[in-house]
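Got the chain open on your screen? Let's walk through it piece by piece, from sheets to core to ligand.

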Amino acid sequence: MYDIRKTYSASSVSEALRLLLENDGATIISGGTDVMIRLKERKLKQAVLISIANITELKGIAVRENGDIAIGAGTTFDEIYRSEIIRECVPALAFAANQVGSPQIRHVATIGGNICNGAVSADGVPVLLAYDSCLEIAGVSGIRTQTLSGFHTGPGKVNLDQSSELLTTIVIPRAEYEGYFAAYYKFGQRNAMEIATLGCAVCLRLSADKKSIDELRIAVSVAAPTPLRCRKTEARLRGAPLTNQTIAALRKGVLSEVQPRDSWRASRQLRLQLAKELSERAFRQALETAGGEIV
Ligand SMILES: Cc1cc2nc3c(=O)[nH]c(=O)nc-3n(C[C@H](O)[C@H](O)[C@H](O)COP(=O)(O)OP(=O)(O)OC[C@H]3O[C@@H](n4cnc5c(N)ncnc54)[C@H](O)[C@@H]3O)c2cc1C
């Protein structure tokens, strides 16, 4: 059924990198929830799999000395959902983690796999984008850091050399989450085991008097070839008062930045409508959590 030539199980990042270099065309497998589908559909043939599921250094969530949150790429969505650190510091990420698949999927699916798979519908990505997260990627010449924004380069494509690199850590910098409040909305045709028709995360910081927007970030999935930040709308609404006009401008702005397409799952028209609705809902929820009020 599965066309697998050889499997390895790495016990450290350096061993995984060595195995990658020694095995041309090998595939990293973490939770396997995307890779196994590819194998089943015969998109991977004569596969050489390098499992990173037993690498302890890729697992877990910690707050670094400088206050940054570090999430190991091999951390499962269930672990993220249950993490006290995540629930306390970036609760929207716990919520998003709990939107993935089913309990069985969340027990094995990892955040690193979700990001590296490059799917435009990945539930882990919009909230992390809205928190301006960074990625730490290990390669032969050490660790390189890059922002999550820009990591996705096309449908199913990411800025990772799959023959020599491994995502090790997702970092949410302290400066990007402290004082910020976020919310994530996902629309699907059913409540569970559903890939997003469209998803939207909004992350904001209010002014000291809670009467205007100090900082705003809007991330939308399945609305372009890659997950998207609506940067023009973010810039336009910085300093805006908390009014219905601002919400109308948010809807209009998001609509002008997304470029969804028709697919068997939903029409472009439905996705345009969802982009407006979900961005407003996420904005209102983030605002409420931040203690702001529309006047
Ligand atoms: C029934 C079902 C329901 C699903 N529902 C959802 C859903 O609701 N929302 C959602 O977002 N996704 C969903 N998915 C997709 C999948 O579960 C997620 O994308 C998951 O997070 C992938 O993680 P994984 O550890 O299983 O990745 P894997 O399948 O192990 O790997 C995925 C890809 O990433 C690469 N990779 C993995 N880890 C690393 C790393 N550390 N460094 C470099 N490359 C790496 C692999 O080589 C592969 O190309 C679903 C899948 C199934 C089967």
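What follows is a tour of the fold, with stops at a few single residues along the way. Keep in mind that this is a predicted model.

Let's begin with the sheets. One of them is open and built from 3 strands in the order β1-β3-β2, with parallel pairing. At its edges sit β1 (4–9) and β2, each of which has a partner on one side only. Going from one strand to the next, the twist averages 30°. If you zoom in on β2 and β3 (residues 47–51), you'll find 3 bridges joining the two in parallel fashion. Ile29 is a handy landmark here, as this residue stands opposite Ser51 in β3.

Now move over to an open sheet with 5 strands, which come in the order β4-β5-β10-β6-β7 and pair antiparallel. Here the edges are β4 (61–63) and β7 (142–147), and each of these pairs on one side only. Neighbouring strands are turned against each other by 25° on average, with direction ignored.

Start at the β4 end and work inwards. β4 and β5 run antiparallel and are joined by 3 bridges. Between the two strands of this hairpin there are 5 residues, and Gly67 takes a positive phi near 95°. Follow Ile61 across to β5 and you land on its bridge partner, Ile71. Ile71 also stands opposite Ile170 in β10, so to speak a stepping stone from one strand to the next. β5 (residues 69–72) and β10 pair in the antiparallel sense over 4 bridges. A little way along β5, Ile69 stands opposite Ile172 in β10. In a regular strand, side chains alternate between the two faces of the sheet.

What lies across β6 and β10? That's helix α1 (residues 13–22), which lies across β6 (134–139) and β10 and runs at about 135° to β10.

β10 turns up again once you look at the ligand. Which elements each supply at least two residues of the shell around the ligand? They are β2 (27–29), α2 (35–40), α7 (111–116) and β10 (166–172). Among these, α7 gives the largest share, with 4 residues. There are 30 residues around the ligand, and Gly31, Asp34, Gly101, Gly113 and Asn114 come nearest. Sorted by class, the shell has 16 nonpolar, 11 polar and 3 charged residues.

Next, the inside of the protein. The largest nonpolar core has 92 residues, and those with the most contacts inside it are Ala182, Ala201, Val202, Leu204, Val220 and Ala286. Helix α12 (residues 268–290) gives the most to this core, with 8 residues. Val202 makes a good vantage point: leaving out residues up to four places away in sequence, Val202 touches Ala130, Ala182, Ala183, Ile218, Ser279, Ala282, Phe283 and Ala286.

Helix α12 also carries Arg284. Is Arg284 buried or exposed? Somewhere in between: Arg284 is partly exposed because there are 17 other C-beta atoms within 10 Å, and a residue needs 20 or more to count as buried. The C-alpha atom of Arg284 is separated by 18 Å from that of Ala235, 49 residues apart along the chain.

Compare that with Thr233, which has its place in helix α10 (residues 231–237). Thr233 has 22 C-beta neighbours inside 10 Å, so this residue counts as buried. Who's around Thr233? Setting aside neighbours within four places in sequence, Thr233 is in contact with Ile218, Leu250, Gly253, Val254 and Glu257. Ile218 is a name you've already met, since Val202 touches it. The C-alpha atoms of Thr233 and Arg82 are separated by 33 Å, with the two residues 151 apart along the chain.

Two loops round off the tour. Met193 is found in the loop between β11 (181–187) and β12 (198–206), and has a positive phi of about 50° although it is not a glycine. Met193 counts as exposed because it has 11 C-beta neighbours inside 10 Å. Lys210 lies in the loop between β12 and β13 (213–221). Lys210 isn't a glycine either, yet has a positive phi of about 60°. With 13 C-beta neighbours inside 10 Å, Lys210 counts as partly exposed.

Key
Residues are numbered from 1 along each chain as its sequence is written. This is a predicted model: local features need pLDDT of at least 70, side-chain atom pairs count only at pLDDT 80 or more; totals for chains, interfaces and linings use all residues. A nonpolar core is a set of buried Ala, Val, Leu, Ile, Met, Phe, Trp, Tyr and Cys residues joined through C-beta atoms within 7 Å. A residue is buried if 20 or more other C-beta atoms lie within 10 Å of its own, exposed if 12 or fewer, and partly exposed in between; C-beta atoms are placed from the backbone. Two residues are in contact if their C-beta atoms, placed from the backbone, lie within 7 Å. A residue is near a molecule or strand if its C-beta atom, placed from the backbone, lies within 6 Å of it. Ala, Val, Leu, Ile, Met, Phe, Trp, Tyr, Cys and Pro count as nonpolar, Asp, Glu, Lys and Arg as charged, and the others, Gly among them, as polar. Two strands pair if DSSP finds at least two bridges between them. Axes are lines fitted to C-alpha atoms, for helices over the stretch in contact, and angles run from 0 to 180 degrees between N-to-C directions.
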